[in-house]
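Let's take a look at one helix and what it packs against. Have the structure open as you read.

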Amino acid sequence: VWVRLQCLHHAENGGPLAGAAPVFVTLLHAHPPTGEALQAEIAAVTAAVARASGRPRERVHLEYAAPGAGRMAFGGRLVT
């Protein structure tokens, strides 16, 4: 899995939220997990990002990108 974490400014309906700012994380897999494996990864990545960022888990938001196989290349080599 490739993980992208960025700081950004955002707005939410209803105005600013009290407490820690949220963290938005994008995950890219060549072939994303499904079912129980996906649920386990969500729990693990959320916990790791919360620890690393000092944010509560409720403020960590994950976005799964479309599968990268066949559309991502690293160092000139297509991921299949």
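Here, a residue counts as buried when its relative accessible area is under 20%. Keep in mind that this is a predicted model. By that cut-off, the buried residues of helix α1 are E41, V45, T46, A47, V49 and A50. Among the elements covering them are β2 (23-28) and β3 (60-64).

How far apart are the end C-alpha atoms of α1? They sit 27 Å apart, and that agrees with the expected span because 19 residues (35-53) at 1.5 Å a residue should also give 27 Å. Right after α1 comes G54, with a positive phi near 75°.

Now for the core. The largest nonpolar core is made up of V23, V25, L27, V45, V49, A50 and V60, 7 residues in total. Both β2 and α1 put at least two residues into this core.

Two of the buried α1 residues have contacts worth listing, leaving out residues up to four places away in sequence:

| Residue | Touches |
|---|---|
| E41 | V1, L27, H29, P33 and Y64 |
| V45 | L27 and L62 |

So L27, a member of the core, turns up in the contacts of E41 and in those of V45.

What about the charge on E41: which side chain of opposite charge is nearest? That would be R57, 13 Å away. A salt bridge needs a side-chain nitrogen of Lys or Arg within 4 Å of a carboxyl oxygen, so E41 is buried without one.

Key. Residues are numbered from 1 along each chain as its sequence is written. This is a predicted model: local features need pLDDT of at least 70, side-chain atom pairs count only at pLDDT 80 or more; totals for chains, interfaces and linings use all residues. Side-chain values use heavy atoms; hydrogens and water are left out. Helices (H or I, at least four residues) and strands (E, at least two) are DSSP runs, numbered from the N terminus. The expected span of a helix is 1.5 Å times one less than its number of residues. Buried means under 20% relative accessible area, exposed over 50%, partly exposed in between (1.4 Å probe, protein chains only). Contact means heavy atoms within 4.5 Å. Lys and Arg count as positive and Asp and Glu as negative; His and the chain ends are not counted. A nonpolar core is a set of buried Ala, Val, Leu, Ile, Met, Phe, Trp, Tyr and Cys residues joined through side-chain atoms within 4.5 Å.
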